[in-house]
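Open the model in a viewer and keep the selection panel at hand. The stops below go from one selection to the next.

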Amino acid sequence: MQLLFLGTGAGMPSKQRNTTSTVLKLLEERGTFWMFDCGEATQHQILHTSLKPRKLEKLFITHLHGDHIYGLPGLLGSRSFLGGEEPLIIYGPTGLKNWIEVTLAVSRTHVKYPFSIIEIDEGIVFEDEQFIVEAKLLEHVMPCFGYTVKQKALAPELFIDKTDALGVPRGPLLKQLKDGRDVVLSDGRVIKSEEVTGEPRKGFKVTILGDTKYCENSITLSEDADVVVHEGTFDVETTELARLYGHSTIVDAAEVCQKANARHLIVNHISARFLSSDLNKMLAQVEDYRFPIYIAEDFAEYIWVDGDLVKQKV
Ligand code: ZN
């Protein structure tokens, strides 16, 4: 799993930060990537990365403010031009379906791949054998969701040296053992799965929140998360503005993670009033928190390796 930030600004794009879009790369897990929000010019940002739009499998929209959705029509159209044929599912608040359908119809944009738009309520919005995605409403100036992506426990490691020693033939029996089922060999011996496998491996939990002021649902969604992506539009000195506009300060974001017992915090949706030279000052405001805190920048990538988060640049 990798988190790639395509846009980390708030409200309007600046030369340093495009409007919001965050990518959860699941190339090893399922050969695709998922996107959270699609601010204007997100497809331009993609051009600077190795992402292939046809591999975009799911798009989760937090809310309908323009800086989170104006990149959608362009991306949907280009995905078709670029030969994408795989289905795409878009999740988001009520109103999203109408907006996309009208925009595509009026501009006569013909999308060749099958796609569906699911207007969600709070609760589980997607589940398969690998992942479960849950949404909850946050507190912004319009309905806005936060999402949490939980990877289900991974199959334990199968110790081939042990199965060989016990005389289990290579083939389907090994898969059964790996899946936790005991098997009977042709000579009648029973081989228990637990004899030849390790501990089940815990999956990761990533929480990606939309625009919000400090709220209880952010904490619930971030509970024990490995990584939380939380907006930090403002800092301590501009707390009043955060309260006024339904946003958070970097300290609000850190408080959410502390209360939720989250392991890493990445702050995005940074106001254009803050220059690169201000970022160290912002980070100093949260230096007492005991978990790693990063301020995301456009094209920064965070890689999940052996249960830890490593920052890389594209
Ligand atoms: Zn907003």
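Is Phe 126 buried or exposed? Phe 126 is buried, because its relative accessible area is 14% and the cut-off for buried is under 20%. Bear in mind throughout that this is a predicted model.

**Aromatic rings**

Keep Phe 126 selected and add Lys 58. The charged end of Lys 58 sits over the ring of Phe 126, 3.8 Å from the ring centre. For another case of a charge over a ring, select Arg 79 and Tyr 113: Arg 79 lies over the face of Tyr 113, at 4.3 Å from the centre of that ring.

Now turn to the ring pairs. The model has 13 aromatic pairs. One of them is Trp 34 with Phe 126, an edge-to-face pair with 5.8 Å between the centres and 85° between the planes. This pair joins distant parts of the chain: Trp 34 belongs to strand β3 and Phe 126 to strand β7 (residues 123-127), 92 residues apart. Trp 34 has a relative accessible area of 0%, so it counts as buried.

Next, select Phe 36 and Phe 60. Their ring centres are 4.9 Å apart and the planes meet at 15°, so the pair is stacked. Phe 36 is in strand β3 and Phe 60 in strand β4, with their positions 24 residues apart in sequence. Both Phe 36 and Phe 60 are buried. To see how these rings connect, extend the selection to Tyr 91, Phe 131, Tyr 147 and Phe 204: ring pairs link these with Trp 34, Phe 36, Phe 60 and Phe 126 into a cluster.

**Thr 32 in strand β3**

Move to Thr 32, in strand β3 (residues 32-36). Its relative accessibility is 14%, so Thr 32 counts as buried. The side chains of Thr 32 and Glu 57 make a polar contact at 2.7 Å. Beyond its neighbours within four places in sequence, Thr 32 is in contact with Lys 25, Leu 26, Leu 27, Lys 55 and Glu 57.

**The zinc ion**

Select the zinc ion and show its surroundings. Which protein atoms are its donors? They are NE2 of His 63, ND1 of His 65, NE2 of His 140 and OD of Asp 211, at 2.2 to 2.3 Å from the ion. Along the sequence the donor residues follow the spacing H-x1-H-x74-H-x70-D. His 63 and Asp 211 link distant parts of the chain, 148 residues apart: His 63 is in the loop between β4 (56-60) and α3 (66-69), Asp 211 in the loop between β12 (205-208) and α9 (216-222). Both His 63 and Asp 211 are buried. The angles among the four donor atoms run from 91 to 171°, and the site is irregular.

**Helix α11**

Select residues 250-260, helix α11. Its buried residues are Ile 250, Asp 252, Ala 253, Ala 254, Val 256, Cys 257 and Ala 260. What do they pack against? Their partners are α9, β13 (227-231), α10 (239-245), β14 (265-268), α12 (279-284) and β15 (293-295). Just after α11 comes Asn 261, with a positive phi near 60°.

**Leu 4**

Finish with Leu 4 in strand β1 (residues 2-7). Leu 4 is buried, with a relative accessible area of 1%. Add Asn 280 and draw a C-alpha to C-alpha distance: Leu 4 and Asn 280 are 21 Å apart in space and 276 residues apart in sequence.

Notes: Residues numbered from 1 in each chain as written. Predicted model: local features only at pLDDT ≥ 70, side-chain atom pairs only at ≥ 80, totals over all residues. Heavy atoms only, no water. Helix = DSSP H or I, 4+ residues; strand = E, 2+ residues; numbered from the N terminus. Buried < 20%, exposed > 50% of the residue type's maximum accessible area, 1.4 Å probe, protein only. Polar contact = N/O pair within 3.5 Å; in protein donor to acceptor, adjacent residues only side chain to side chain. Contact = heavy atoms within 4.5 Å. Donors = N, O, S within 2.8 Å, 3.2 Å for Na, K, Ca; no water. Tetrahedral: all angles 85-135°; square planar, octahedral: opposite > 155°, others 65-115°. Phe/Tyr/Trp six-rings, centres within 6.5 Å; stacked < 30°, edge-to-face > 60°. Lys NZ or Arg CZ within 6 Å of the ring centre and 35° of its normal.
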